[in-house]
Amino acid sequence: LAFIAMVVVIGAINPVFFSIGNIFSLLKSTVIMGILSLGCMIVIISGNTDISFTAISAFAMYTTGKIMLALYPEGGLLVAFVIAGTIGTLIGFVNATFVAHFKLPALIVSLGTASAIRGLMLAFIGVKIINNLPESLIDFSKSNLIELTDSTGKVVGLPMSFLLIVVLAFGVWLLLKYTM
């Protein structure tokens, strides 16, 4: 209710807030955090805490780009998802091993993992902006699911990446509804 009230107030103050371009922009900006939130929600529902997911995702994203550029420059989106998913799964397995086998608290393990990954990335990559990506990833980031013309005549689009969060949210719903 508070969120709905806030949206109504912001929209009343600035009617551009409800424009199709702004709505598409807001939906686009929620994709990454939404995907990460789905994974984090599963961990929280299972009774644990993981704060390393942002560092793991940043590392997986960077490493996937580098691997694809070096080995599979024409690799498609599926290749990127497989590589990034494998990297995330392997690092998650390290976290799970420390929690399950050594009976360490998940919060402490994930804090250590996050610190280690951020430290490694800072030491070896630095703080530079990465703009050299495989063409398939660039093309995907530019593709739209829906394109409309707003009131000013500008073409605005709902990015294809929004479909990912919808599919993943449905998958998480199925997982939570039909599994223990």
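**Exercise 1. Surface and overall build**

How much area does the protein chain expose, and what share of it do carbon and sulfur atoms supply? Then describe the fold in outline.

Solution.
- Start with the source of the coordinates: this is a predicted model.
- Take the surface. The protein chain exposes about 12,100 Å². Carbon and sulfur atoms supply 74% of that area.
- Turn to burial. The protein chain has 180 residues, and 24% of them count as buried.
- Add the extent. Along the principal axes, the C-alpha atoms fill a box of roughly 60 × 45 × 35 Å.
- List the elements. The chain holds eight helices and two strands. Read from the N terminus, the order is α-α-α-α-α-α-α-β-β-α.
- Check the contact range. Take contacts between residues at least 6 apart in sequence: 58% of them join residues at least 24 apart.
- Finish with charge. There are 8 positive and 6 negative side chains. The centres of the two sets lie 12 Å apart.

**Exercise 2. The N-terminal patch**

Find the residues that make the nonpolar surface patch of about 690 Å². Then place Ile4 and classify its exposure.

Solution.
- Name the members. Leu1, Phe3, Ile4, Met6, Val8 and Ile10 make the patch.
- Place Ile4. Helix H1, residues 2-13, contains Ile4.
- Classify Ile4. Its relative accessible area is 53%, and exposed means over 50%. Ile4 is therefore exposed.

**Exercise 3. Two isoleucines compared with distant partners**

For Ile35 and Ile23, give the helix, the exposure class and the contacts beyond four places in sequence. Add one C-alpha separation for each.

Solution for Ile35.
- Locate Ile35 in helix H3, residues 31-45.
- Classify Ile35. The value of 29% lies between the 20% and 50% cut-offs, so Ile35 counts as partly exposed.
- List the contacts. Ile35 touches Leu164, Ile165 and Leu168.
- Take the pair Ile35 and Ile165. They stand 130 residues apart along the chain. Their C-alpha atoms are separated by 5.9 Å.

Solution for Ile23.
- Locate Ile23 in helix H2, residues 20-29.
- Classify Ile23. At 32% relative accessibility, Ile23 counts as partly exposed.
- List the contacts. Ile23 is in contact with Phe17 and Phe18.
- Take the pair Ile23 and Ala58. They stand 35 residues apart along the chain. Their C-alpha atoms are separated by 26 Å.

**Exercise 4. Thr64**

Decide whether Thr64 is buried or exposed. Then list what Thr64 touches beyond four places in sequence.

Solution.
- Locate Thr64 in helix H4, residues 53-71.
- Apply the cut-off. Buried means under 20%, and Thr64 has 4% relative accessibility, so Thr64 counts as buried.
- List the contacts. Thr64 touches Ala80, Ile83, Ala84 and Ile87.

**Exercise 5. A backbone angle to check**

What is the phi of Lys103, and where along the chain is Lys103 found? Add its exposure class.

Solution.
- Read the angle. Lys103 has a positive phi of about 55 degrees, although Lys103 is not a glycine.
- Find the segment. Lys103 is in the loop between helix H5 (77-100) and helix H6 (106-124).
- Classify Lys103. The relative accessible area is 67%, over the 50% cut-off, so Lys103 is exposed.

How values were computed: Residues are numbered from 1 along each chain as its sequence is written. This is a predicted model: local features need pLDDT of at least 70, side-chain atom pairs count only at pLDDT 80 or more; totals for chains, interfaces and linings use all residues. Side-chain values use heavy atoms; hydrogens and water are left out. Buried means under 20% relative accessible area, exposed over 50%, partly exposed in between (1.4 Å probe, protein chains only). Contact means heavy atoms within 4.5 Å. Patches are made of residues with over 30% relative accessible area and no salt bridge: like charges are joined within 9 Å, nonpolar side chains (Val, Leu, Ile, Met, Phe, Trp, Tyr) within 5 Å. Accessible areas come from the Shrake-Rupley method with a 1.4 Å probe; for residues, only the protein chains shown count as cover. A salt bridge is a side-chain nitrogen of Lys or Arg within 4 Å of a carboxyl oxygen of Asp or Glu. Lys and Arg count as positive and Asp and Glu as negative; His and the chain ends are not counted. The place of a charge is taken as NZ of Lys, CZ of Arg, CG of Asp or CD of Glu.
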